Structures are given as structure tokens and as C-alpha cells.
Amino acid sequence: MTKRLLLFATLLGLGAGAAHAAYPERPITLIVPFAAGGPTDVVARIVGDHMSRTLGQQVVVENVTGAGGTTGTTRAAQASPDGYTIMMGHMGTHGAAPAVYPNLKYDPVKDFVPIGLAAGTPILIVARKNFPPKDLKEFITYAKANSEKLNEAHAGVGSVSFTTCSLLNSILDIKPTRVPYQGTGPALNDLVGGQVDYMCDQIVNLTPQIQAGSIKAYAIATEKRSPALPDLPTTKEGGLPEFQVSAWNALFAPKGTPKEVVTKLNGALVKALDDETTRKRLLDLGAEIADRAGRSPEALQKLVTSEIARWNKVLRAQTAAK
Ligand code: ASP
């Protein structure tokens, strides 16, 4: 290397080092691949709020919707890996999507660096408030008898609501009309308005509506009841033990994001999840908060790998059965 080149390289290296040390120097864009008001958006805003304070820079949510969350996720995968664009992904974008989109433009493992798990989100079966069935048993009978007349809302092919209700519909052997939305925020609005009959979704934005009585909840698809909704039976208690499913939301950065930056972002996430007010906001909505070990980038990497394998099996088995 010539002296001049060496000097140039040294300068570059120093420049990059200094930039990382000072990170973040400007606001961070947090891509939410669904509409405002849905679970991914709600978790992103709660966690992002506290992370902004730790990082000393605003974490700005940008809703980039479409194709079951894969449009925003593709945008995040292709963003410059400098720590100024990150995303809130979930079990759909980073778990189920590869099984339903053969031409997916990103690889959830290879094109991202995991930052950490933000929330575990149990899945509920909910319906418009004047939907005739009173409980899960009646829902099963009613849905089977009226299968083709039913309208089910979801957040697009590959989303959590889509994949989990695909599983429910196949267990019940029903074929409702499936109505796609840009996220389950708008889907929930239509459920409250009575334009659609039922949906499966992550607990967080459902809890306030259930408590207010503006929608009906039939069951929670976890092993145990949620402390946020203690009166809501589990699918096991309600007579549908086969429907056991849970989702999650997590932060990811584009591949190539420097390790120090990821460590800083993970540190801010961990701190947010230790903060009493932030915890309470999440727990009151029914979200589950992972322990310290469960919030590491390594734990998230493992989760993503196992979710891809799990949903690949589930969704392919369904396609084969059709
Ligand atoms: N919960 C959604 C899903 O079904 C998306 C959203 O958060 O709006 O994937």
C-alpha cells in the first residue's frame, strides 16, 4: 500500500470509529411494517419511547405497510446498515413469511442482525360484539355450520393474524372469506364496527377493547390464562386444545450493522424492559416480557431459526391438505 493510500485508510478507519463512538447522532427510524394502532405499532411506540430517552435521540416510528408486513421488512433489509434504520418485526415477518412467499426479497436470518425480543404476545380468538356464539364451544359449532358466510379479518398473507387463523380454520375445517388489512389496527376498527365477524390476533391492542366490551373474546391460545384478562379461558379450557399458538415482536437491524451499534441498541431495549412504567404499560396490555437472557441477540437468533422451521412445517402441511 502506498503511503497516501495508507493515510486514507487510516483516516477512514478513524472516521468510522469516531462515528460509532458518538452513535446515535441523529434520530433513528423504526420501521413498523403494519398500520398504526396495531400490536406491532403499539409495542414499537412503547419500547421506542423509553429507548429514545436512553439513546438521547428520538426513535421515530415509520409505518411502511403492505403484503403482510413483507414490504416494510424488505425496506428495512435494504436500508443502510448504520444503525439509523431498524425495524420491529414479528413471528410473521421473521418466521412464517418464507413459507408463504416463495419469492420473498429478504432472508430473515441472513439479511438481518437481531437486536432483541421486545414482547411475547399471546394469540386470542375474538369476534364482533354481536356475533351470535357466546363461548368457544358455540363458536366452533356456529363456524362449522356457517363456514362460507363468515368474514375473517387479517393483516395480509404471512402476517400473524393470517397464519394463526389459517391454523384455526384448518383445525375447524372452515372456509371463511378472508379479508386483508394493512395491519390489525384497522382490522380491529372494522371488528368493533361489526363489518367483519372474527379474527385471531396478538393480545396487545385487543385488551382495551375487550375490557370496554366493544368486541367479544372467546379464548387465549396459550397454556395459561393472561393476568391482563383473567376471565378469558384458554383454548384448552374452552374445548379446542389443538389451537395453541403464540407470537412475538422483536427488533432487527439490517445485516452489516456494526456490532457496537447493535450492542447499544440492545442495551437500550433491555433498559426499557427493566423500566417499571414501560413494563406496566406492556403487561397491562397482556404482553409478556422476556427475562434478561431471553432479550439477547443470540436468543432472538435462535427463536427466528426455530420459528421459520415451525411455520414452514405448519403452513406447508396445510397447503398439502387443501
Ligand atoms: N398483529 C398483526 C399481524 O397480524 C400486525 C399488526 O401488528 O398490525 O401480523
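Visitor: How much area does the protein chain expose, and which atoms supply 56% of it?

Guide: The protein chain exposes about 14,200 Å², of which carbon and sulfur atoms supply 56%. Accessible areas come from the Shrake-Rupley method with a 1.4 Å probe, and for residues only the protein chains shown count as cover. This is a predicted model, in which local features need pLDDT of at least 70 and side-chain atom pairs count only at pLDDT 80 or more, while totals for chains, interfaces and linings use all residues. Residues are numbered from 1 along each chain as its sequence is written, and side-chain values use heavy atoms, with hydrogens and water left out.

Visitor: What makes up the secondary structure of the protein chain, and how many elements are there?

Guide: There are 12 helices and 9 strands. Helices are DSSP runs of H or I of at least four residues, strands are runs of E of at least two, and both are numbered from the N terminus.

Visitor: Why is the protein chain called as compact as a globular protein of that length?

Guide: Its radius of gyration is 21 Å, and the globule rule gives 20 Å for 322 residues; the two are close, so the description holds. The radius is taken over C-alpha atoms, and the rule is 2.2 Å times the number of residues to the power 0.38. Along the principal axes, the C-alpha atoms fill a box of roughly 80 × 45 × 30 Å.

Visitor: What share of the residues counts as buried, and why is Leu282 placed in that class?

Guide: Of the 322 residues, 54% count as buried. Buried means under 20% relative accessible area, exposed over 50%, and partly exposed in between, with a 1.4 Å probe and protein chains only. Leu282 has 1% relative accessibility, which is under 20%, so Leu282 is buried. Leu282 lies in helix 11 (residues 276-284). Leaving out residues up to four places away in sequence, Leu282 touches Val43, Ile46, Val47, Ala118, Leu273, Ala287 and Ile289; contact means heavy atoms within 4.5 Å.

Visitor: Why is Gln244 given another label, and where is its place?

Guide: At 28%, the relative accessible area of Gln244 falls between the two limits, so Gln244 is partly exposed. Its place is in the loop between helix 9 (235-238) and strand 9 (246-254). Among the residues Gln244 touches are Ala221, Glu223 and Lys236.

Visitor: What makes helix 4 mostly covered?

Guide: In helix 4 (residues 92-100), 7 of its 9 residues are buried. They are Gly92, Thr93, His94, Gly95, Ala96, Ala97 and Ala99.

Visitor: Why is the pair of Phe131 and Phe139 called tilted?

Guide: Rings of Phe, Tyr and Trp (its six-membered ring) pair if their centres lie within 6.5 Å; planes under 30 degrees apart count as stacked, over 60 as edge-to-face and the rest as tilted. For Phe131 and Phe139 the centres are 6.4 Å apart and the planes stand at 55 degrees, so the rings pair and the pair is tilted. Phe131 and Phe139 are both buried.

Visitor: How do you know which class the pair of Phe139 and Tyr198 belongs to?

Guide: The ring centres of Phe139 and Tyr198 are 5.4 Å apart and the planes stand at 70 degrees, so the pair is edge-to-face. Phe139 lies in helix 5 (residues 136-146) and Tyr198 in strand 7 (residues 198-202), so the pair ties together parts that are 59 residues apart in sequence. Tyr198 is buried, as is Phe139. One aromatic cluster is formed by Phe131, Phe139, Tyr142, Tyr198 and Tyr218, and the structure holds 7 aromatic pairs.
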